[in-house]
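Here is a small set of exercises to work through with a model open in your viewer. Try each task yourself before you read its solution.

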Amino acid sequence: MKNTGIAIISLVGGLIIGSALTMLFAPQSGAELRRKIKDSIDDEINRVKDKLNEVEEQIEEARCRCEEN
């Protein structure tokens, strides 16, 4: 479980860094670039929150199954 968390964090970090670097090298105004970076980071944060909610639900389901046995 610990390795899964590290992998998820690494993946999300890589996605954020890759998105930011892509936007930095694209020709556009500073304000537009900052808005795009903020939107990308917000999207990634929402994806991570959704994934964490899924994991929490799976843990709760497993806990309930263990209590039934």
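The exercises below concern a predicted model, and they go from the whole chain to single side chains.

**Exercise 1. Overall form**

Task: Work out how many helices and strands the chain has, and how its radius of gyration compares with that of a compact globule.

Solution:
- Start with the secondary structure: the chain has 2 helices and 0 strands. Helix α1 covers residues 2-24, and helix α2 covers residues 30-68.
- Next, take the radius of gyration. The chain has 17 Å, whereas a compact globule of 69 residues would have a value near 11 Å.
- Then look at the box around the C-alpha atoms, which is roughly 60 × 20 × 10 Å along the principal axes.
- Finish with burial: 6% of the 69 residues are buried.

**Exercise 2. Surface and charge**

Task: Find how much accessible surface the chain has, and how many positive and negative side chains there are.

Solution:
- The accessible surface comes to about 5700 Å². Carbon and sulfur atoms account for 59% of that surface.
- Count the charges next: there are 10 positive and 13 negative side chains.
- Now compare where the two sets sit: their centres lie 8 Å apart.

**Exercise 3. Two residues of helix α1**

Task: Decide whether Leu-21 and Met-23 are buried, partly exposed or exposed.

Solution:
- Place them first. Leu-21 lies in helix α1, and so does Met-23.
- The cut-offs you need are under 20% relative accessible area for buried and over 50% for exposed, with partly exposed in between.
- Leu-21 has 43% relative accessibility, so this residue is partly exposed.
- Met-23 has 13%, so this residue is buried.
- Look at the surroundings of Leu-21: together with Ile-17, Leu-24 and Phe-25, Leu-21 forms a nonpolar patch on the surface. The accessible area of these residues together is about 460 Å².
- As an extra step, check a distance from Met-23. Val-12 is 11 residues away in sequence, and the two C-alpha atoms are 17 Å apart in space.

**Exercise 4. Salt bridges along helix α2**

Task: Say how many salt bridges the structure holds, then examine the pairs Glu-32 with Lys-36, Lys-38 with Asp-42 and Lys-51 with Glu-54.

Solution:
- The total is 6 salt bridges. The cut-off is a nitrogen to oxygen distance within 4 Å.
- Glu-32 and Lys-36 meet this cut-off, as their closest N and O atoms are 3.7 Å apart. Why are they about one helical turn from each other? Because they are 4 residues apart in helix α2.
- Check the exposure of this pair: Glu-32 has a relative accessible area of 32% and is partly exposed. Lys-36 is partly exposed too, at 32%.
- Lys-38 and Asp-42 come to 2.8 Å, N to O. They are also 4 residues apart in helix α2, about one turn. Asp-42 is partly exposed, with 29% relative accessibility.
- Lys-51 and Glu-54 have their closest N and O atoms 3.7 Å apart. Their spacing in helix α2 is 3 residues, about one turn.
- Finally, classify this pair. Lys-51 has a relative accessible area of 40%, so this residue is partly exposed. Glu-54, at 40%, is partly exposed as well.

Definitions and conventions: Residues are numbered from 1 along each chain as its sequence is written. This is a predicted model: local features need pLDDT of at least 70, side-chain atom pairs count only at pLDDT 80 or more; totals for chains, interfaces and linings use all residues. Side-chain values use heavy atoms; hydrogens and water are left out. A salt bridge is a side-chain nitrogen of Lys or Arg within 4 Å of a carboxyl oxygen of Asp or Glu. Buried means under 20% relative accessible area, exposed over 50%, partly exposed in between (1.4 Å probe, protein chains only). The radius of gyration is taken over C-alpha atoms; the globule rule is 2.2 Å times the number of residues to the power 0.38. Accessible areas come from the Shrake-Rupley method with a 1.4 Å probe; for residues, only the protein chains shown count as cover. Lys and Arg count as positive and Asp and Glu as negative; His and the chain ends are not counted. The place of a charge is taken as NZ of Lys, CZ of Arg, CG of Asp or CD of Glu. Patches are made of residues with over 30% relative accessible area and no salt bridge: like charges are joined within 9 Å, nonpolar side chains (Val, Leu, Ile, Met, Phe, Trp, Tyr) within 5 Å.
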